Amino acid sequence: MAKQPDSDRKPETDIKLPDPAVWAQTWARIAEQSQKLISEFAARQQAEQARTGAGAQAGSPLPPSLSPPVNPDPLNLTGAYMQIAAKLMADPAKLAEAQVKLWQDYAKLWANTADRFLGKPAEPLVQPDKGDKRFRDPHWEQGALFDYLKQSYLLTSRWLQKTVTDVEGVDPKVAKKVDFYTRQFIDAMSPSNFALTNPEVLRATIDSNGENLVKGLQNLLEDMERGKGKLNIKMVDSKAFTVGENIAVTPGKVVYQNDLMQLIQYAPTTKEVYKRPLYIVPPWINKFYILDLKPENSFIKWMTEKGYTVFVVSWNQPDETLVDKTFESYMREGILAGLDAVKKATGEEEVTAIGYCIGGTLMASTLAWMAAKGDDRIKAVTFFAAQVDFSEAGELSVFTDEDTLSYLENLMSEKGYLDGGEMATTFNMLRANDLIWSFVVNNYLLGKEPFPFDLLYWNSDCTRMPAKMHGFYLRNMYQKNLLSQPGALELAGEHLDLRKIKIPVYLQASKDDHIAPYKSVYKATQLYGGPVRFVMAGSGHIAGVINHPAAKKYQHWLNEAKTNPASVDEWIKGAKEIPGSWWDDWDKWLSAKSGPKVPARVPGSGKLKAIEDAPGSYVKKRIVD
């Protein structure tokens, strides 16, 4: 943001004072709402304690007096921070140097702020990072007091993050854990998250005589009620969207289903289609309609327009009836059952396939299993943001240390699955300012309703994870990284070796992906036994994948070298940046591997009859209203 001349700044004293009588009434309502909130929270806590045996561990056969105490720190954050503290104290000179540097920066900031109060110009000592939306309100720069709060926070937070990051001699996993949770604390303590230190909230409070805070408390109560005692922040107006009506509307039919998934065949939009059907396996950590949000950016619709017969797996919402499903179940009853169904629906033995995120990890595992069995029905495969080597898996690896995994396994053991809210919180923490704190400010401090945004509706449409499947995935992939090691991972009686996958691979990653970092995804280029075409897209885990060419957004990078270098940094050096979506490059690659054109296939006209219209009933099962 450009610095405005002092003469153009709005005086900080130019604030409309509230009516004292109205102000008093408003604060009385706020006090009443606060009392209600505290009372309801206390009642829910009492009910929960009664359900679990007055504070005993849930499911314990022992009476409360004999039950072991609940662990107040199941993630062992205390132990991680004690390791960091011990290393810091072992080098007091370095710590003192860091503190002196912070004091010097504060002295400069105080001097600059004093100059501003005296009407003198002063250049900012520190600025928010590009893309930081917390300090967009003009008063964060125009007002000397708020500018001081902002810069003081930025100086302190960056100092704290750097101090814990630069500690030497700490286990890398412990260091990453401390770095991650330190950032959570820093993000939470931003002055933008508090009513008295956020100029936009202060202005709204004065202008509305505090009505924003009253409405914010109402929003908070509703979120607590919807979360059944836990805070479930509303990110979007859920009434604005209905799956199958204004999102996920590409025409098609469910042609096969079992208790784990439905298989959707989409209606053709061309007279002829490629002979080999395109079989898509999305992640089950969220729902498939990210590929079909709305017609103008629907990947599925675009593929039908390109002449492909598109099949998509729609995973069921796990509940108590699916608690015994394993990673092998997802392979047998998911990918393999779907392959059999595609053949019955079209008469075609050979297909091309896509695996997205964890669906891609399952697809790679299945391809290695199929290679061991001599099954070559899949003739070419594409991976969207899919990891198979988890040695550099990014910040999600914070949740796969032994302490956290043990905690998750205990959590899942009660119901047999991991609740969708737990998964949503994990992913939201990776981008806490955008996906947590921005909604705290908007919903609770400003008292506004969230914007009706289809992507956020999809993001809030949570899914559950069967305990056996999820535990296998986290331990064997993230923690032990067995899939990347030839023969180390056994699945359904076969030892998996990715080198046996000889078919052509198109491997997509995104430059700003915080879930499947491009450095991690790229490692697969060195593991598969066949030719691999790697593309790096602009943006992140979702927008990097779902980027319709008509939008003319972002960019992608391609390296036309005959072989992929061992290092992604070397690949980038030889890569060319190309404006816009990578979809057209992928279509050119895939069409050459999809066989000749044949008459278009109508869903339900083959050996598999239509069960119901797309998007089917499984995807409509919601666990959060």
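Is Y473 buried or exposed? I looked this up in a predicted model. Y473 comes out at 5% relative accessibility, so I enter this residue as buried, the limit being under 20%.

**Entry: aromatic pairs**

I describe a pair of aromatic rings by the distance of the centres and the angle of the planes. I counted 30 aromatic pairs in the model. One of the pairs I looked up is F390 with Y473. Their ring centres are 6.3 Å apart and the planes stand at 85°, so I put this pair down as edge-to-face. The angle is what decides the label, because planes over 60 degrees apart count as edge-to-face.

I then checked where the two residues sit. F390 is in the loop between β7 (378-384) and α12 (402-415), while Y473 belongs to helix α16 (residues 467-479). The two are 83 residues apart in sequence, so the pair ties together separate parts of the chain. I also looked up F390 for accessibility: the value is 5%, and F390 counts as buried.

**Entry: a second pair**

I went on to Y522 and F534, which also form an aromatic pair. I note 4.9 Å from centre to centre and 85° between the planes, which is edge-to-face. Y522 lies in helix α17 (residues 518-522), and F534 lies in strand β13 (residues 532-537). I record them as twelve residues apart, in a pair that links distant parts of the chain. Y522 has a relative accessible area of 1% and is buried. F534 is buried too, at 1% relative accessibility.

**Entry: cluster and charge**

Which residues form one aromatic cluster? I list F299, W302, Y356, F384, Y506, W582, W583, W586 and W589. Elsewhere in my notes is a lysine over a ring: K597 lies over the face of Y274, 4.7 Å from the ring centre.

**Entry: S581**

Where is S581 found? I place S581 in the loop between β15 (576-579) and α19 (583-591). Its relative accessibility is 9%, so I count S581 as buried.

I looked up two polar contacts of its side chain. The S581 side chain reaches the backbone oxygen of N547 at 2.6 Å. A polar atom of the same side chain lies 3.0 Å from the backbone nitrogen of W583, and W583 is a member of the aromatic cluster entered above.

Last, I checked the contacts of S581, leaving aside neighbours within four places in sequence. S581 is in contact with N547, H548, P549, K553 and H556. N547 thus appears twice in this entry, in the contact list and as the residue whose backbone oxygen the S581 side chain reaches.

How values were computed. Residues numbered from 1 in each chain as written. Predicted model: local features only at pLDDT ≥ 70, side-chain atom pairs only at ≥ 80, totals over all residues. Heavy atoms only, no water. Phe/Tyr/Trp six-rings, centres within 6.5 Å; stacked < 30°, edge-to-face > 60°. Helix = DSSP H or I, 4+ residues; strand = E, 2+ residues; numbered from the N terminus. Buried < 20%, exposed > 50% of the residue type's maximum accessible area, 1.4 Å probe, protein only. Lys NZ or Arg CZ within 6 Å of the ring centre and 35° of its normal. Polar contact = N/O pair within 3.5 Å; in protein donor to acceptor, adjacent residues only side chain to side chain. Contact = heavy atoms within 4.5 Å.
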